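Here is a walk through a multi-chain model, from the inside of one chain out to the contacts between copies. Have the viewer open and follow along.

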Protein chains: 4
Amino acid sequence: MSATRYTYLGPEGTFTEAALRTLPEAATRELVPMVSVPAALDAVRSQGAAGALVPIENSVEGGVNATLDELATGGPLMIYREVLLPIAFALLVRPGTALKDVKTVTGHPVAQPQVRNWLAGHLPDALWESAASNADGARLVQEGRYDAAFAGEFAAPTYGLEPLVTGIHDAQNAATRFVLVGRPARPAAPTGADKTSVVIWLGDDHPGALLELLQEYAVRGVNLMRIESRPTGQGIGRYCFSVDCEGHITDRRVGEALMGLKRICPKVRFLGSYPRAGVDPSELPPLRHGTSDGEFSTAADWLTRCLDGRA
Amino acid sequence: MSATRYTYLGPEGTFTEAALRTLPEAATRELVPMVSVPAALDAVRSQGAAGALVPIENSVEGGVNATLDELATGGPLMIYREVLLPIAFALLVRPGTALKDVKTVTGHPVAQPQVRNWLAGHLPDALWESAASNADGARLVQEGRYDAAFAGEFAAPTYGLEPLVTGIHDAQNAATRFVLVGRPARPAAPTGADKTSVVIWLGDDHPGALLELLQEYAVRGVNLMRIESRPTGQGIGRYCFSVDCEGHITDRRVGEALMGLKRICPKVRFLGSYPRAGVDPSELPPLRHGTSDGEFSTAADWLTRCLDGRA
Amino acid sequence: MSATRYTYLGPEGTFTEAALRTLPEAATRELVPMVSVPAALDAVRSQGAAGALVPIENSVEGGVNATLDELATGGPLMIYREVLLPIAFALLVRPGTALKDVKTVTGHPVAQPQVRNWLAGHLPDALWESAASNADGARLVQEGRYDAAFAGEFAAPTYGLEPLVTGIHDAQNAATRFVLVGRPARPAAPTGADKTSVVIWLGDDHPGALLELLQEYAVRGVNLMRIESRPTGQGIGRYCFSVDCEGHITDRRVGEALMGLKRICPKVRFLGSYPRAGVDPSELPPLRHGTSDGEFSTAADWLTRCLDGRA
Amino acid sequence: MSATRYTYLGPEGTFTEAALRTLPEAATRELVPMVSVPAALDAVRSQGAAGALVPIENSVEGGVNATLDELATGGPLMIYREVLLPIAFALLVRPGTALKDVKTVTGHPVAQPQVRNWLAGHLPDALWESAASNADGARLVQEGRYDAAFAGEFAAPTYGLEPLVTGIHDAQNAATRFVLVGRPARPAAPTGADKTSVVIWLGDDHPGALLELLQEYAVRGVNLMRIESRPTGQGIGRYCFSVDCEGHITDRRVGEALMGLKRICPKVRFLGSYPRAGVDPSELPPLRHGTSDGEFSTAADWLTRCLDGRA
């Protein structure tokens with residue numbers, strides 16, 4: 001039953017699965033690992049799954065291109081949740097392996113730059129080879145092809161390995177952001193601490209277009225949280241922008257900014273409004289003067305009175 | 001009957017009367033000269049007149065402060081029409097006077113800088129004294145107090161004078177803009193070449209406030225036509241701004257810009273949307289991409305679809 | 001000797017003279033009243049005087065057009081000082097006149113709107129006629145032509161009059177700002193609380209030009225203090241702008257902003273950098289981050305290192 | 001001798017080598033393939049090589065993170081040249097292999113999304129596995145591990161393979177941009193069609209910071225060509241920006257913009273000014289009014305005259 005199935009970027013034992021399991025509803029869903037982000041999302045598009053959890057941004061490696069590009073093109077999808085997962089690696093080994101025995105290590109190519117300094121300090125002579133995923137690296141250790149794999153500590157039991165060292169990460173505060181993606185539907189109700197994602201294509205050869213794009217947000221007091229350029233595939237120098245802003249599409253300031261973008265840009269794709277992970281609405285700073293829904297209403301009433309000759 | 005009465009800045013024989021008589025409906029109205037702009041406007045406020053024609057801007061002297069300030073404060077009024085009148089002075093004299101006989105000249109203080117160069121060239125020794133109005137100057141010449149008065153040529157018969165020289169003006173293209181003011185009511189329907197006037201008060205001590213004000217217009221592609229600062233009377237350094245922009249309050253881009261101003265500024269007074277004098281809508285440049293009512297509608301429909309999960 | 005002579009907008013007994021006498025150097029100068037702002041300034045241009053004190057802005061009536069226009073056009077002049085004078089009128093009468101005896105009042109046309117409410121409350125039936133200046137009104141009372149004149153209390157002895165009522169002004173905090181004007185020379189050294197004045201002509205038919213002008217200031221963190229549009233005399237809709245900003249031309253942020261204006265505008269006239277009246281440098285808020293001279297220097301050094309391959 | 005050695009992202013037979021060989025000076029250099037972008041660049045930092053050619057941007061996959069991040073952090077480097085290489089893949093096979101024989105294909109992970117559609121159309125049942133590089137994939141075909149590899153046609157002879165199909169690419173205009181990187185030195189002289197690259201760190205928690213960054217460029221008429229956000233490694237939501245703009249650091253408008261960025265941002269790293277690949281200076285549109293070096297000079301002269309009292 002697709003309504004009870006969630007796909008995720010597999011295989012089992014990856015950080016994505018760990019992120020998915022932080023969602024309460026994951027307990028009542030069938031969780032299906034997929035070989036790639038496109039595969040996980042295509043299952044949703046084809047109604048084979050109700051949702052898919054995929055990584056979208058890594059605090060070390062940046063945006064996850066496969067996810068950004070799949071959301072920007074192909075059949076429309078929407079983001080309904082985000083999950084923020086602190087990332088720390090464990091060095092997984094077959095039982096009995098000591099650090100001095102580790103001559104070869106593996107892991108996802110993305111993991112390598114995140115543990116490079118640790119490797120240089122603790123295993124300066126070990127040879128690194130990339131695996132298709134962290135979990136796949138663990139499997140290859142299980143099979144004896146490598147001596148150790150960087151992966152999440154939670155992956156150890158699945159592959160009969162032991163965490164030799166834990167909490168490995170070159171950067172402090174390393175985290176990956178995941179999104180739960182579904183077919184387009186009405187966005188969840190605003191919580192007071194929301195985020196709105198869109199993809200925006202700029203017109204050709206208009207040098208000030210990016211500035212104008214940002215001003216559509218700025219003039220309505222809508223703060224940007226992330227902006228990422230992605231190639232459109234039309235050649236070097238042709239970009240679209242993946243943009244997250246504060247607020248919910250039902251907030252008047254956000255809705256007006258989105259309509260402004262829609263008018264001046266050749267194409268805008270709405271990717272959803274959803275709660276910001278780990279943010280308590282009561283701790284947010286106040287809105288800029290003149291941007292609350294109440295102030296929008298008051299101004300609209302005033303305009304009506306002007307039109308009626310009663311201002 | 002106030003409904004058939006128009007006041008104007010008198011006395012009879014001024015450029016204001018000449019401007020008023022260019023309006024077709026003036027033929028069927030009782031035209032009443034008033035001693036001052038406030039008096040002409042107060043007659044409208046008190047329902048003693050249906051409308052008042054007053055000068056608002058002179059291409060040499062600038063904004064007419066009395067009009068700007070009366071529209072900004074006091075009982076609300078609205079502009080329904082503008083009249084653009086080319087200004088050229090005649091030198092009015094008693095019959096028989098020759099140029100060499102002119103030792104003293106008079107006129108409205110505003111006229112003096114407009115004919116200064118002509119005076120220096122043709123009557124270098126004549127003594128200038130100001131009169132309360134150009135027409136009043138003509139009356140003083142009739143009474144023999146001065147030898148000549150600068151006034152509109154049309155004023156000559158009223159005061160039994162003759163135009164000795166006509167077409168006098170130091171500046172080319174000199175003109176005065178007049179507005180027909182009435183009590184607040186529904187603005188006239190848009191013509192395609194309209195203008196919208198407001199007065200905007202900025203908040204205190206916010207250095208970037210003027211820039212933000214202009215950006216509310218700019219981001220919606222609404223062009224400014226005139227901006228004039230006026231003191232609020234609260235002390236040096238406290239200003240409000242009288243602003244004319246292109247377009248009609250019923251144009252979506254203008255309405256949205258006005259609501260934006262209303263939200264960020266402590267006070268906005270709507271002074272009307274009315275046809276631009278002497279402009280043929282078919283000759284206007286096209287609107288900036290993304291600012292037409294159709295594009296606003298399309299964007300609003302798109303937002304609705306996003307909210308409904310159908311984008 | 002012109003070097004010891006200051007002209008001012010006369011006649012004697014006006015607020016302008018009072019403002020001039022607040023300057024320490026006035027005690028050692030010959031102070032010469034002139035009949036008009038142009039006359040006062042022309043005396044400086046022709047080297048007949050070292051300086052001229054003229055009003056430039058009134059908290060009730062706004063910019064003084066004659067001064068703004070004379071500074072914008074004609075032979076170049078520069079502002080070296082400003083004087084801020086609180087304005088309150090006295091009702092001057094011939095000795096023995098009581099309030100109930102006052103049937104006619106006079107004063108400068110600019111004074112009338114500043115005392116309108118007081119008149120309506122205290123002398124509702126008195127007839128107002130304008131005089132060429134407040135001091136001239138006092139003279140006309142001395143001659144018996146009017147019963148009372150609004151003028152500065154200091155004008156009473158000059159004309160043998162008595163102040164019947166003092167401290168009259170409809171608006172609180174009423175003040176007039178005067179400027180001491182001289183021939184172009186090196187500006188005075190910065191004091192830390194300075195002001196820089198320019199006149200800026202915009203190019204034709206460029207709707208966003210005013211916004212661009214303001215951005216040249218804003219991007220360098222230079223706050224605007226006053227902006228006033230003035231007609232260029234080329235016809236309705238053609239303006240130049242008289243602009244005061246915070247800071248001194250020798251401040252790097254101000255100099256760079258002025259050069260930016262010079263590049264994008266067809267004409268910029270520098271009118272001077274001079275101390276702000278009544279402002280203690282120690283009470284000013286700190287400069288915006290990144291706009292101090294030190295930060296400009298640091299950035300210039302960095303650019304040099306980049307150019308040299310040493311960054 | 002390091003002065004005659006260029007490293008590049010190896011192994012031999014990759015597009016990077018092909019790009020490097022388009023440079024005339026490559027003929028007289030020792031060209032050394034390295035296993036990674038960091039390794040290629042570290043050889044330059046340690047003076048083991050005079051330069052390194054590395055990919056920086058792919059029209060399908062976007063920015064090359066390893067290159068962007070290595071240039072942003074670590075020992076300073078500068079870009080001296082860019083090379084734009086059209087990308088089309090050949091399907092390389094062992095001699096005698098027909099299309100129907102191809103059951104397994106390999107190539108760089110980045111190649112896969114660029115040939116996905118071609119694969120779906122021509123080899124729908126073939127199994128894809130990633131190789132460490134396109135050239136490495138070719139080697140694995142040579143060794144018999146896979147039936148075919150996507151790589152540049154030029155790689156065929158190196159590995160004893162034949163191009164079975166050429167010109168494969170899902171996207172039209174596919175290209176990769178490479179940069180030649182060296183140790184910091186004086187930038188090459190401007191050619192009239194140059195590009196300037198920087199990395200900019202924004203201050204924390206300042207929502208409008210990106211807009212301000214763009215305005216530093218915009219107000220000086222400097223067009224952006226590329227902007228890419230990269231995580232700083234300090235946690236989710238902390239970014240720096242890799243920015244290319246038109247023009248050379250010795251152009252006054254570019255220098256002033258860079259100094260503006262330096263003042264308002266906590267950190268700016270200059271990455272070089274260098275000729276734009278494939279652009280003829282004579283075909284560029286004219287500079288925006290007011291932004292040429294001549295106009296900068298004129299404005300600077302004017303400022304000096306103002307300071308001297310001679311404006």
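What percentage of the contacts in chain A with a separation of 6 or more comes from residues 24 or more positions apart? It's 73%. Keep in mind as you read on that this is a predicted model.

## Chain A at a glance

Start with the inventory: chain A has 8 helices and 15 strands. Its C-alpha atoms fit a box of roughly 85 × 45 × 40 Å along the principal axes. Of the 311 residues in chain A, 51% are buried.

## Domains in chain A

The domain assignment splits chain A into three pieces: domain 1 (1-86 + 170-185), domain 2 (89-168) and domain 3 (186-311). Taken over C-alpha atoms, the centres of domain 1 and domain 3 of chain A sit 24 Å apart.

Those two domains touch, with 13 residues of domain 1 of chain A meeting 14 residues of domain 3 of chain A. On the domain 1 side, α3 (65-72) and β5 (78-86) of chain A each put in at least two residues. The top contributor to that side is β5(A), with 7 residues. Sorted by class, the domain 1 side that touches domain 3 of chain A holds 9 nonpolar, 1 polar and 3 charged residues.

## A look around A:His248

Now zoom in on A:His248, which you'll find in the loop between β14 (239-246) and α7 (252-264) of chain A. Is A:His248 buried or exposed? It counts as buried, because 23 other C-beta atoms lie within 10 Å of A:His248, and the cut-off for buried is 20 or more.

Which residues does A:His248 contact, once its neighbours within four places in sequence are set aside? They are A:Pro190, A:Asp194, A:Thr196, A:Val254 and A:Ser273. Take A:Pro190 from that list: A:His248 and A:Pro190 are 58 residues apart in sequence, yet their C-alpha atoms are 6.0 Å apart in space.

## Where chains A and B meet

On to the contacts between chains. Chain B and chain A each bring 30 residues to their contact. On the chain B side, α6 (209-218), α7 (252-264) and α8 (293-308) each supply at least two residues. The largest share there comes from α8(B), with 9 residues. The side of chain B that touches chain A breaks down into 16 nonpolar, 7 polar and 7 charged residues.

How are these two copies arranged? Chain B superposes on chain A by a rotation of 180° with 0.1 Å of shift along its axis, at an RMSD of 0.1 Å. The two copies are therefore related as by a two-fold rotation axis. If you want to find that axis in chain B, go to B:Val219, whose C-alpha is the nearest to it in that chain, at 3.8 Å. The same surface serves both copies, as 100% of the contact residues of chain B recur in chain A.

## Where chains A and D meet

Chain A also touches chain D, and here again the contact takes 30 residues from chain A and 30 residues from chain D. On the chain A side, β11 (175-182), α6 (209-218) and β13 (224-231) each give at least two residues. The biggest contribution to this side is that of β13(A), with 7 residues. By class, the side of chain A that touches chain D has 14 nonpolar, 11 polar and 5 charged residues.

The geometry is a turn of 180° with a shift of 0.0 Å along the axis, which lays chain A on chain D with an RMSD of 0.1 Å. Of the residues of chain A, A:Glu228 comes closest to the rotation axis, its C-alpha being 3.1 Å away. Once more the same surface serves both copies: 100% of the contact residues of chain A recur in chain D.

## Pairs that don't touch

Two pairs are worth checking for the lack of a contact. Chain A and chain C have no contact between them, and their closest C-alpha atoms lie 13 Å apart. Chain B and chain D don't touch either, with 13 Å between their nearest C-alpha atoms.

Definitions and conventions:
Residues are numbered from 1 along each chain as its sequence is written. Chains are lettered from A and ligands numbered from 1 in the order in which they are written. This is a predicted model: local features need pLDDT of at least 70, side-chain atom pairs count only at pLDDT 80 or more; totals for chains, interfaces and linings use all residues. Two residues are in contact if their C-beta atoms, placed from the backbone, lie within 7 Å. Helices (H or I, at least four residues) and strands (E, at least two) are DSSP runs, numbered from the N terminus. Ala, Val, Leu, Ile, Met, Phe, Trp, Tyr, Cys and Pro count as nonpolar, Asp, Glu, Lys and Arg as charged, and the others, Gly among them, as polar. Domain bounds come from an automatic or database domain assignment. Copies are superposed by least squares on the C-alpha atoms of residues with pLDDT of at least 70 in both. A residue is buried if 20 or more other C-beta atoms lie within 10 Å of its own, exposed if 12 or fewer, and partly exposed in between; C-beta atoms are placed from the backbone.
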